[in-house]
Structures are given as structure tokens and as C-alpha cells.
Amino acid sequence: MICYNCGSVLTNSDFCGNCGMDVSVYKRIVRLSNTYYNAGLTKAKNRDLSGAVDTLRRSVKLNKRNIDARNLLGLVYFEMGETVQAFSEWVMSTNIQPDNNPADKYLLAIQQEKSKIDELNRTIKKFNVALNYAKHDTDDMAIIQLKKVLNQNPKLVKASQLLCLLYMKQGQYERAKRTIKKSLKVDKCNPLSIRYLREINEYAEEEKKTDPDGRMERRRNLRGVLVDREYLSGNDVIIPNNNFKEAVSGAQSILHMVLGLLIGAALIYFVVTPARMSKVMEEKNEQAVEYKREIAIKSSTYDSLESEYTALKKDYDILADEKGSADKHQKTVDNNYKYLLAAVQAYLNNNTDKSVESLNKINTKDGMDMDNFRSVYDKLTKELSSKMASNAYDEGFSAYENGDYDKAISQFKKCIEVDKDNDDAYYYMAWAYKNSGDEKKAKDTFKKIVEKFPDSEHYSVSKTQASDGGDSEDGGADENSGDEGEDLEDIE
């Protein structure tokens with residue numbers, strides 16, 4: 001159960017836990033509505049449709065959002081032949097709860113049978129016409145219309161009750177009784193139908209006692225027996241009519257039948273069958289030629305479209321690759337301009353650390369094809385080269401100690417770009433390559449240290465690693481997988 005004010009789920013408390021609204025009376029109303037729904041469901045299962053209608057109407061009157069009760073009310077109305085009222089209840093139900101509502105299935109199932117809807121609409125119109133005839137004492141016309149209505153919609157209880165009433169008015173109690181009993185099969189506990197049946201039985205009992213002959217005469221009239229027919233006694237003789245023709249014998253009848261069958265078979269075999277077979281063959285040949293022509297046209301069209309599709313797809317792939325490269329390049333250019341502008345502003349504000357940090361974020365491999373951009377970047381880098389190298393080295397060494405070898409390699413490369421004589425940056429970048437699993441680049445970097453820095457304190461270790469790729473002497477690095485970095489020559 002949800003709160004009528006805020007829509008949150010209610011607990012056993014008499015107050016909503018979300019908005020604090022007093023929901024005690026609301027809870028009692030919802031429970032009473034559900035009680036009426038359960039009672040209506042029981043009555044509907046027992047085919048007490050009129051009782052179910054009364055109970056379910058009380059349920060939806062107390063709680064108009066009781067979707068189960070409203071849908072069941074529509075089903076009961078539909079079972080009683082009240083299609084308009086059934087549609088009204090289902091439409092209101094879907095407006096209250098648009099999602100996951102069984103009424104959608106009912107409406108869709110009926111709408112798919114357009115002829116069924118038209119037939120039901122016609123029965124309602126005919127019932128209204130019959131009711132109008134009955135009001136103006138044109139009983140015979142009303143009875144004719146009601147019979148048509150019940151032939152098309154035998155579950156329309158109101159039509160059965162009106163027809164029963166008209167039969168009673170004309171004194172045709174046997175027909176009235178049969179009609180009202182049919183309606184009671186649809187709605188077993190309809191109070192008006194039960195009242196009519198009781199009155200018919202009372203009148204029949206009274207007539208049986210007071211006027212038995214009139215009762216029998218009326219029953220014979222209903223069965224198609226003539227009232228003025230003269231009954232024969234045991235001594236009466238029926239004289240047959242002599243105007244008859246002698247029938248043929250059985251053998252002749254069989255012979256005539258066999259001759260007729262043979263003549264008919266011969267006509268079919270020699271006249272009808274060849275002409276029909278010829279016509280069928282011509283139609284098949286024409287269809288075969290037409291199919292071949294259509295297949296040839298479609299095959300040619302398919303080949304043409306396929307070649308066009310292949311060419312267009314190739315052009316599309318080329319344009320997509322160019323657009324992707326252009327977009328990526330433009331994004332890099334935009335980021336480089338943003339970082340360069342931030343670096344210049346920080347430099348003008350004497351914030352060298354922030355300026356160096358922004359310069360380190362610039363992608364020096366792409367997006368630097370503008371002369372003005374390169375000029376400003378080179379000038380600012382020259383001014384802050386020592387600071388940039390120091391920051392890049394510190395960040396690379398910190399990443400190396402934390403086992404983030406990819407970041408360490410990237411930062412050591414930035415340091416070397418600014419300070420090409422920093423043998424420590426080369427040394428730890430080589431170990432970062434080695435610990436990340438890139439033995440080739442590790443050896444190349446160690447060889448570069450041996451070639452460029454013969455006086456470095458790392459010379460002996462680098463020479464050993466460059467020659468045979470031995471284990472780390474300081475043993476401080478772990479083995480982690482990493483993406484391959486750029487070649488060492490790219491940073492010089």
C-alpha cells in the first residue's frame with residue numbers, strides 16, 4: 001500500500017514515514033475496497049454477475065485506483081453483454097495505470113476483431129430500437145428485434161429480460177419462461193430475472209388450477225398444433241388419393257444411376273479435363289516466364305547495388321578514418337593550447353611549479369605544428385627547463401617506487417627532453433622498462449648510458465645489464481606488465 005500524498009510505501013504505522021500524513025482512514029478505505037473486490041470475485045466465479053457488479057462498483061467507488069476491481073468489473077459487464085460499459089471501465093483503468101495493466105490486453109484482443117466489435121455495436125442499436133418499440137406498444141416489432149439481438153449476442157441479459165416481459169404481456173408464459181431461464185444461465189442470481197420467473201410460475205400454478213383446458217390449448221398453440229383439428233376415432237378410415245404413378249423397379253433405378261454416372265465420367269474425362277489441364281499448363285508456363293524475368297531483373301539490380309555498396313563503404317571507411325584522425329588531432333591541439341595558456345598565466349604570476357606542471361601535460365608528439373605555439377613553448381621551456389626537469393624526475397622516481405612503471409617511463413622521458421645529460425633519469429627509466437617486462441628497451445637504454453655517460457656512477461651496472469641483462473643489483477623493482485613506450489631515439 002502506498003501513500004496517497006507522496007507515493008511512498010506505507011508501514012504498519014498510521015502515519016506516513018516519508019511525509020508524516022495521517023493515513024489511518026485511508027488504510028481502512030483501501031482495505032474495505034479490497035474486501036468488496038474479494039466478495040465480487042467470489043460472486044463472479046459463482047456466476048452471480050449482477051451481485052458481482054454491485055459489489056465491485058462499491059469497491060471502485062471507495063478506491064478508484066483499485067485496478068483489479070475495475071478490470072474485473074469490465075469483465076463482468078462484458079460477460080453480461082454490456083460491452084459499452086465494459087469498454088468504459090477498461091479505458092478508465094488504462095488511464096489510471098498506463099503500464100502493466102491487463103486491461104490493455106482486453107482492449108487489444110477486442111480491437112483486433114473488428115467484425116466482432118461491429119456486431120456488438122449493432123446488437124446494442126437493435127436493443128435500443130426494440131426498447132423504443134416496446135415503449136410505443138409495438139410489441140411484435142420489439143420481439144422480432146430482440147430475437148435478432150439474442151441470436152447475435154445471447155449473453156445480453158437485458159434483452160432476455162425485455163423479451164420475457166413482452167411474452168408475459170402477450171400471455172405466452174411458456175416462451176417467457178424459456179427465455180428467462182436462458183438469461184439465468186448467464187447470471188444465476190439476477191434479482192429481476194428471478195422475480196420474472198417467480199411470477200411466471202405463480203401464474204402457471206394458478207392457471208393450472210383454474211383453467212386447465214385453456215392452459216393445454218395454449219401449450220398446443222406453442223407447439224404448432226392446430227386448435228380446430230378434428231381428431232380421428234378408432235373406426236375412422238383414411239381414403240388415400242388415387243392420383244399416383246407406378247414407380248420403376250429397383251433394377252431399373254440402379255441401371256439408370258449407373259448409366260448417368262458413366263455418362264458424367266465420360267464428359268469429365270474427354271471434355272472438361274483436357275481443357276482444364278491445358279489452361280493450367282498455360283498459366284504455369286506464363287508464371288514461370290514471369291518469375292524468370294523478375295529473377296533476372298532482381299539479380300542484375302542486386303549486383304549493381306552490391307558494387308555500389310562496396311564502393312560507398314570503402315569511401316565511408318576512408319572518411320571515417322580521416323575524420324577520426326582529424327578529431328583526435330584537433331582534440332590534442334585544443335588541450336595543448338589550454339595547457340600552454342595555463343603555463344603562461346602561472347609563469348606571469350610567478351607560480352613556476354604550476355607552470356611547469358602545465359607544460360609537462362603538453363603532448364609534444366602531436367598538436368605542435370603551429371609556429372607561434374612552438375615558439376612560445378620553446379621559450380617558456382627554456383626559461384623553466386631546470387624546474388621542469390626536476391619536477392619530471394621527482395614524479396618519475398615517485399612512480400617508480402610505487403611500481404607505476406608506465407608513468408615513471410613517461411616522466412623520465414620528459415625529464416630527458418629538457419635535461420639530456422641526466423644520467424639518473426636514463427638509469428631509472430631503464431630499470432622501469434626492465435621491471436615492466438620490456439627487456440629490449442631496457443637493454444637499449446642501458447647501452448645509451450654506457451655510450452653517453454662513461455663517468456656515471458651507474459656505468460658498471462648499466463654495462464652489465466646491457467651485455468647480459470642480469471638481475472637488478474638493488475632488487476628494489478617488481479615485475480609488472482606495461483605498454484611498450486616510445487623508442488629511446490625519439491626523446492633525443
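Biologist: What makes Asp137 count as exposed?

Modeller: Its relative accessibility. This is a predicted model, and in it Asp137 comes out at 57%. Exposed means over 50%, so Asp137 qualifies.

Biologist: And which residue does Asp137 pair with in a salt bridge?

Modeller: Lys169. The closest N and O atoms are 3.3 Å apart, and the cut-off is within 4 Å, so the pair counts as a salt bridge. Lys169 is in helix H8 (residues 157–169), while Asp137 sits in the loop between helix H6 (114–135) and helix H7 (139–152), so the pair ties together parts that are 32 residues apart in sequence.

Biologist: Is Lys169 buried or exposed?

Modeller: Exposed, because its relative accessibility is 51% and the limit is over 50%.

Biologist: How many salt bridges does the structure hold?

Modeller: There are 11. One of them joins Asp317 to Lys313, with the closest N and O atoms 3.4 Å apart. Both residues lie in helix H12, four residues apart, about one turn of the helix.

Biologist: Why is Asp317 called partly exposed?

Modeller: Buried would need under 20% and exposed over 50%. Asp317 has 32% relative accessibility, so it falls in between. Lys313, at 42%, is partly exposed too.

Biologist: What about Asp444 and Lys440?

Modeller: Their side chains meet in a salt bridge, 3.4 Å from N to O. Both belong to helix H18 (residues 439–452), again four residues apart, about one turn of the helix. Asp444 counts as partly exposed at 31%, whereas Lys440 counts as exposed at 61%, because exposed starts over 50%.

Biologist: Which residues are linked in a network of salt bridges?

Modeller: Arg47, Glu79 and Lys155. Arg47 is in the loop between helix H1 (24–45) and helix H2 (49–62). With 26% relative accessibility, Arg47 counts as partly exposed.

Biologist: What is notable about phi of Arg47?

Modeller: Phi of Arg47 is near 60°, a positive value in a residue other than glycine. Most residues other than glycine have a negative phi. Asn100 also has a positive phi, near 50°.

Biologist: Where is Asn100, and what makes it exposed?

Modeller: Asn100 lies in the loop between H4 and H5. Its relative accessible area is 76%, and the bar is over 50%, so Asn100 is exposed.

Biologist: How do H4 and H5 pack?

Modeller: Helix H4 (residues 83–96) and helix H5 (residues 102–111) pack at an angle of about 135°, with their axes 9 Å apart. That makes H4 oblique to H5, because roughly antiparallel needs over 145 degrees and roughly perpendicular covers 65 to 115. The crossing of these two helices is left-handed.

Biologist: Which residues make the nonpolar surface patch?

Modeller: The patch covers about 1200 Å², and its members include Ile254, Leu255, Val258, Tyr269, Phe270 and Val271. Val271 is in helix H12 (residues 250–348).

Biologist: How do you know that Val271 counts as exposed?

Modeller: Val271 has 52% relative accessibility, and exposed means over 50%, so the label fits. Patch members need over 30% relative accessible area, so Val271 meets that limit as well.

Methods: Residues numbered from 1 in each chain as written. Predicted model: local features only at pLDDT ≥ 70, side-chain atom pairs only at ≥ 80, totals over all residues. Heavy atoms only, no water. Patch = residues over 30% accessible without salt bridge, like charges linked within 9 Å, V, L, I, M, F, W, Y side chains within 5 Å. Areas by Shrake-Rupley, 256 points an atom, 1.4 Å probe, with all protein chains shown as cover. Buried < 20%, exposed > 50% of the residue type's maximum accessible area, 1.4 Å probe, protein only. Axes fitted to C-alpha atoms, helices over the stretch in contact; angles between N-to-C directions. Parallel < 35°, antiparallel > 145°, perpendicular 65-115°, else oblique. Left-handed = near helix turned anticlockwise from the far one by under 90°.
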